[in-house]
Amino acid sequence: MRRWILGVPVAVLIPLLAGCSTTAAPPVAQPQPQSPPAGATLVGLGDSIPAGDGCPGCTPFVELFGDQLSGDDALPVQVANLGVGGWTSTDLLDSLEPGEYDADAVRDADLVTVTIGANDFYAELDDYLDGDCGGDDGLGCFEPVLPQLQTTLTSVLDRIAELRAGQPTAVLVTGYWDVFPDGDVARELYGPQFLRDSAVLTLRANDVISEVAGAEGATYVDLFSTFKGTWGDGDPTGLLADDGDHPNQIGHQLIADALSSASVAGSGSTEASAFTSSEWSPR
């Protein structure tokens, strides 16, 4: 069930009531109620990564990012985490059709995070594991997925822009540290060659995601180096849940931190006031 979470409660200003008087004194004007300051709205879209699957009791990175945006700012950040486990890029695109719940949420969002694409490759995984993937590098069966992801993700970002109807919007699109399981779990299940091949495929997928984000005026957030280091040779096991496929709480915190760093690059601030419709300037 989707839920709306307030990052910081809005302060309610209670109007002062003028007292009654039995004298003929001139009426005293009552102070007018003041509206609470407008906050920013953050919507997280994507698959099981933003949804927080595989990590019972964890706070997903979307909520953590919203908390960081709130910080000491007087403005609240309202967060809608709409990640759904198992979703492909096509599922996300379908959810943004006019009249759909996700479309309505995006229409009101000052910030949108998008994490999608890993599940697009799973339909070909059995062929790879059976040794039937083909290609000079054994990854040929995945090649047709890359242009399909490019087309669909472009449509997703176009749809977000259409829903926002020209309103200033920060769109942060993440890549992946791996499109398949990683770390010790993947090593034990599939062996070291799987880890090498999966890393190659992930970098190709991230290139597509990064190119689409840049072409659509969104901000790409690299998670490959976040989880594996600058050279991509780090072991992410300590950042992953027991299934080896999803982040643990430390991993979610790292993703939130990466989003915050990207938001500084886009707005010069991590405070919510920098992301209201009146103040955010797209890249």
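**Reasoning from cut-offs in a predicted model**

Tutor: Let's start with helix α2, where the buried residues are F61, V62, E63, L64, F65, G66, L69 and S70. Please keep in mind that this is a predicted model.

Student: What makes helix α2 count as largely enclosed by the rest of the structure?

Tutor: The helix spans residues 61–70, and 8 of its 10 residues are buried, so the rest of the structure largely encloses it.

Student: One of those residues carries a charge. Why is E63 called buried?

Tutor: A residue is buried when its relative accessible area is under 20%. E63, which lies in helix α2, has a value of 7%, so it counts as buried. Its C-alpha atom is 9.0 Å from that of L42, a residue 21 positions away along the chain.

Student: What does the backbone do just after α2?

Tutor: There, G71 takes a positive phi of about 50°. A165 has a positive phi too, near 50°, and A165 is a residue other than glycine. You will find A165 in the loop between α6 and β5.

Student: Is A165 buried or exposed, and how do you know?

Tutor: The cut-off for exposed is over 50%. A165 has a relative accessible area of 62%, so it is exposed.

Student: Let's follow the chain into β5. What makes strand β5 mostly covered?

Tutor: The strand runs over residues 170–174, and 5 of its 5 residues are buried. A170, L172 and T174 point one way, V171 and V173 point the other way, and both sets are buried. That fits a general pattern: side chains in a regular strand alternate between the two faces of the sheet.

Student: How do you know that β5 pairs with strand β4?

Tutor: Pairing needs at least two bridges. Strand β4 (residues 111–115) is joined to β5 by 4 bridges, and the two run parallel. As an example of facing residues, V112 stands opposite V171.

Student: And what about strand β6: how many bridges link it to β5?

Tutor: There are 3 bridges between β5 and β6 (residues 219–221), again in the parallel sense. With at least two required, this counts as a pair. Within β6, V221 is the bridge partner of T174.

Student: Now to charges. How many salt bridges does a search of the whole structure find?

Tutor: It finds 8. In general, side chains of opposite charge can pair when their charged atoms come close.

Student: Why is the contact of R107 with D104 called a salt bridge?

Tutor: The test asks for a side-chain nitrogen of Lys or Arg within 4 Å of a carboxyl oxygen of Asp or Glu. For R107 and D104 the closest N and O atoms are 2.8 Å apart, and the pair passes. The two are 3 residues apart in helix α4 (residues 101–107), so about one helical turn separates them. R107 is partly exposed at 32% relative accessibility, and D104 is partly exposed at 34%.

Student: What does the salt bridge between D137 and R204 tie together?

Tutor: Their closest N and O atoms are 2.7 Å apart. D137 lies in the loop between α5 and α6 and R204 in helix α8 (residues 192–215), so the pair ties together parts that are 67 residues apart in sequence. D137 is partly exposed at 35%, and R204 is partly exposed at 27%.

Student: What N to O distance do you find for E162 and R159?

Tutor: It is 3.9 Å, and the limit is 4 Å, so the pair still counts as a salt bridge. These residues are 3 apart in helix α6, about one helical turn. E162 is exposed with 55% relative accessible area, whereas R159 is buried with 18%. Shared partners join E97, R159 and E162 into one network of salt bridges.

Student: Finally, which residues form a negative surface patch?

Tutor: The patch is made of D126, D127, D130 and D132. Asp counts as negative, so the label suits this group. D126 lies in helix α5, and its relative accessible area of 54% makes it exposed, given the cut-off of over 50%.

Note on methods:
Residues numbered from 1 in each chain as written. Predicted model: local features only at pLDDT ≥ 70, side-chain atom pairs only at ≥ 80, totals over all residues. Heavy atoms only, no water. Buried < 20%, exposed > 50% of the residue type's maximum accessible area, 1.4 Å probe, protein only. Patch = residues over 30% accessible without salt bridge, like charges linked within 9 Å, V, L, I, M, F, W, Y side chains within 5 Å. Areas by Shrake-Rupley, 256 points an atom, 1.4 Å probe, with all protein chains shown as cover. Charge placed at Lys NZ, Arg CZ, Asp CG, Glu CD.
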